[in-house]
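Here's a pair of exercises to work through with the structure open in your viewer. Try each task before you read its solution.

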Amino acid sequence: MNPGSEKLAPGLYLVSVPIGAARDITLRALDILASADVLAAEDTRSLRRLMEIHGVALGSRPLLAYHDHNGARVRPRLLEALAAGQSVAYASEAGTPLVADPGFDLAREARGAGYLVTAAPGATAAITALTISGLPSDKFLFAGFLPNTSSKRKSAMKALSTVPATLIFYESPKRVAAMLADAAEVLGDRPAALARELTKKFEEVRRGTLTELAASCADTPPKGEIVVLVEYDDSGIVSDTDLETDLRAALATMSVRDAADHVAAARGAKRRDVYQRALEVARETE
Ligand code: SAM
């Protein structure tokens, strides 16, 4: 047994690991890694490295790979360990397991079978980004990764457009400029932030409206790991039904352009959004 490690109660321990700086791991997480009977990791190499950095010996304990591609096969082995009264520690490659990472099915099955499921909380990129973004932190919605194609991404954003909270997305550097441009179109040109390489050497936060950030990314493409945050802005949001009723009435006597101008001014809504909707309503009634 590792020095300072105590026998853990049987159960599943979901262990948060750093998102960059190796020292961002809690003492309790190290204790659990030092004393669990069985270790499982999304990426066994990165867990081994982390344990080496912190002087936690693996010894003869099993370290199993558990990720999206082998979960169904490995889960029964981990549940067998729990059934045998053992403690199982699970860590994802970075940050908190289950947060845009594997572990959900494992935790659900373990809980369903009546075993203890507990966590050693710690770093997660979403919360780290939120705390330094400068955007409202009283209410937030973590939306994870958006779909890759623009049309699916826009539909997903539309579904979030009236959520009265700061929206938090994970995004790849390859797609971030296109994602920001789509967000400006669907959500309106809201204040936003892009946080990258958190807790690492090249940590950076860019702030601006979605259009400004899209331009900044096109100009200086950001590298590394990225979180995008978008502020809630209800100034231009009118319910679809209200907008449609007003537009139908206006289109009875006006051109699309005039109807859009009229309704946008009356509702205090964004003209570009109202114009798009007016085109659709006019087409539907043709
Ligand atoms: N479980 C992790 C967590 O708790 O944040 C998330 C894992 S997810 C597979 C990886 C994504 O998280 C990256 O593509 C990026 O969007 C975000 N991320 C992870 N580490 C980050 C960091 N140091 N800086 C910025 N974003 C990060």
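**Exercise 1: the open sheet**

Leu12 stands opposite Val117 in strand 5. This is a predicted model, so keep that in mind as you go.

Task: starting from strand 1 and strand 5, work out the order of the strands in the sheet and find which strands stand at the edges.

Solution, step by step:

1. Strand 1 (residues 11-15) pairs with strand 5 over four bridges, in the parallel sense.
2. Now go across the whole sheet: it is open, has five strands with parallel pairing, and reads 3-2-4-1-5.
3. Strand 3 (63-65) and strand 5 (117-120) each have a single partner strand, so each has one side without a neighbour in the sheet and stands at an edge.
4. For the twist, ignore direction: neighbouring strands are turned by 25 degrees against each other on average.
5. Then add helices. Helix 2 (residues 44-53) lies across strand 2 (38-41), strand 3 and strand 4 (87-91), at about 145 degrees to strand 3. Helix 3 (residues 71-83) lies across strands 1, 2, 3 and 4, at about 150 degrees to strand 3.

**Exercise 2: the second largest pocket**

Task: where does the second largest pocket lie, and which domains give residues to its lining?

Solution, step by step:

1. Start with the volume, which is about 450 Å³.
2. The lining has 23 residues, and the closest to the centre are Ala94, Ala125, Phe145, Tyr170 and Glu225.
3. Strand 7 (166-171) and strand 10 (226-230) are the elements that give two or more residues to this lining.
4. Sort the lining by class: 11 nonpolar, five polar and seven charged residues.
5. Domain 1 (11-123) and domain 2 (126-230) both contribute lining residues, so the pocket lies between them.

Conventions
Residues are numbered from 1 along each chain as its sequence is written. This is a predicted model: local features need pLDDT of at least 70, side-chain atom pairs count only at pLDDT 80 or more; totals for chains, interfaces and linings use all residues. Side-chain values use heavy atoms; hydrogens and water are left out. On a 1 Å grid over the protein atoms alone, a cavity is a set of points where a 1.4 Å probe fits but cannot get out, and a pocket is an open set with protein on both sides within 12 Å along at least five of seven lines; lining residues have an atom within 4 Å of a point. Grid points are joined across faces, edges and corners, and a volume is the space filled by probe spheres set on the points. Ala, Val, Leu, Ile, Met, Phe, Trp, Tyr, Cys and Pro count as nonpolar, Asp, Glu, Lys and Arg as charged, and the others, Gly among them, as polar. Domain bounds come from an automatic or database domain assignment. Two strands pair if DSSP finds at least two bridges between them. Axes are lines fitted to C-alpha atoms, for helices over the stretch in contact, and angles run from 0 to 180 degrees between N-to-C directions. Contact means heavy atoms within 4.5 Å.
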